Amino acid sequence: MADAARRIDTIDTTPAFTAADAAAFQARYEGVPATAMLRDLLTGQLAGRIASVSSYGAESAVLLHMVASVDPDVPVIFTNTQKMFGETLAYRDELSERLGLTDLRVFRPDPRLLAAKDKTGLRWSYDPDGCCDLRKVEPLRRALAPFDAWISGRKGFQSGTRIALPRFEEDEGRLKINPLADWNKAMLDAYFTEHELPRHPLEAQGYLSIGCAPCTTKVQPGEDPRSGRWRGWDKVECGIHVSTLPGEDPIF
């Protein structure tokens, strides 16, 4: 009797979510308050499949509080670029403790890649795109590997490039959620006050959008909140929120 045909192992490469899925979520939650939307998603369809990504920057406490209020066990990913302000690291620990977050996951750049591509630690000064790719994009890609969806803290008012920001996007086969896409500064400030959330210590000094120390400057009156990031460069995003990756070498 011939042996039964051997079943060939296959790997399912179908993306968890598509652009059409993102559009469907956008329509489903149109007009639903951010807190209610997160509660529905985190306790329903996306339970156990989602992480929150946070820079622990000037406005991060609002979204982290919303997530923790629903489920403090939701994984929170923080990419430590090893160029962070010391104040940010201290704020991360203080805020995580206050909110009762139980699963803070810190990812750092691959030391082998740093040795090969940024041995002096000065790549930020001549190739900020490459530096961000090395220190933020690559670690986050590793961090998100187990998840089908992730939560971002972007807001539409932060800069001209974010005005039309949707609540839901497809990102490398995952669902990316921007719960605060339509929030303005007054709404954020009111939430801080209502829930007595601590502010990032650098905010009072004029740092309204806080990233890595070498590439973050104070925001001047009348400037948009992200104008202090990569000042002097034709660059508005770190690379996490764009579809194309920078090349290994700078283009002048």
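Which loop does E172 lie in? E172 sits in the loop between β5 and β6, and we'll come back to that spot once the rest of the fold is in view.

## The big picture

Keep in mind as you look around that this is a predicted model. The protein chain has 252 residues, and 48% of them count as buried. It holds 7 helices and 6 strands. Walking from the N terminus, you meet the elements in the order α-α-β-α-β-α-β-α-α-β-β-β-α.

How much of the contact network links residues far apart in sequence? Take the contacts in the protein chain with a separation of 6 or more: residues 24 or more positions apart account for 72% of them. As for the outside, the accessible surface of the protein chain comes to about 13000 Å², and carbon and sulfur atoms make up 53% of that area.

## Strand β1 and its partners

Let's start with β1, which covers residues 50–53. Its side chains point two ways: I50 and S52 go one way, A51 and V53 go the other, and all of them are buried.

β1 pairs with β4, running parallel to it through 3 bridges. One place to find this pairing is S52, whose bridge partner in β4 is I151. β1 also runs parallel to β2, this time with 2 bridges. Here you can look for V53, which stands opposite I77 in β2.

## Strand β6 and the hairpin

Now move to β6, residues 174–177. Both of its faces are covered: R174 and K176 are buried on one side, and L175 and I177 are buried on the other. β4 (residues 149–151) joins β6 through 3 bridges, and the two run parallel. β5 (residues 168–171) joins β6 through 4 bridges, and that pair is antiparallel.

I177 is a handy residue to find here. I151 stands opposite I177 in β6, and F168 stands opposite I177 too. I151 is also the β4 bridge partner of S52 in β1, so you can trace a path from one strand to the next by following these residues.Back to E172: β5 and β6 form a hairpin with 2 residues between them, and E172 is in the turn. What is unusual for a residue that is not a glycine is listed for E172 as a positive phi of about 50°.

## Tyr56, tucked into a loop

Y56 has a positive phi of about 50° as well, although it is not a glycine. You'll find Y56 in the loop between β1 (50–53) and α3 (60–70). Is Y56 buried or exposed? Its relative accessibility is 0%, so Y56 counts as buried.

## Helix α3, wrapped up by its neighbours

Just after that loop comes α3. Because 10 of its 11 residues are buried, α3 is largely enclosed by the rest of the structure. The buried ones are S60, A61, V62, L63, L64, H65, M66, V67, A68 and V70.

What covers the buried residues of α3? The cover includes the helices α2 (34–43), α4 (86–99) and α7 (185–194), along with the strands β1, β2 (76–79) and β4.

## A34, a meeting point in α2

A34 belongs to helix α2. With a relative accessible area of 4%, A34 is buried. Leaving out residues up to four places away in sequence, A34 touches M66, R167, P179, L180 and W183. M66 is one of the buried residues of α3.

A34 also shows how the chain folds back on itself: A34 and N178 are 144 residues apart along the chain, but their C-alpha atoms are separated by 9.2 Å.

## Helix α6 and its bend

Does the length of α6 fit its residue count, and what would you expect it to be? At 1.5 Å a residue, the 17 residues of α6 (residues 128–144) should span 24 Å, and the end C-alpha atoms are 23 Å apart, which agrees. Even with that agreement, α6 bends by about 35° at L134.

α6 is mostly covered, with 13 of its 17 residues buried. C132 counts as buried because its relative accessibility is 8%.

## The cysteines

How many disulfides are there? The count comes to 0 disulfides. C212 is in no disulfide, and the nearest cysteine sulfur, that of C215, is 6.4 Å away. C212 counts as buried because its relative accessibility is 18%, which is under the 20% cut-off for that label.

How values were computed:
Residues numbered from 1 in each chain as written. Predicted model: local features only at pLDDT ≥ 70, side-chain atom pairs only at ≥ 80, totals over all residues. Heavy atoms only, no water. Expected span 1.5 Å × (residues − 1). Bend = angle between axes of the 7 residues up to and from the residue. Buried < 20%, exposed > 50% of the residue type's maximum accessible area, 1.4 Å probe, protein only. Contact = heavy atoms within 4.5 Å. Areas by Shrake-Rupley, 256 points an atom, 1.4 Å probe, with all protein chains shown as cover. Disulfide = S-S within 2.5 Å. Pairing = 2+ DSSP bridges.
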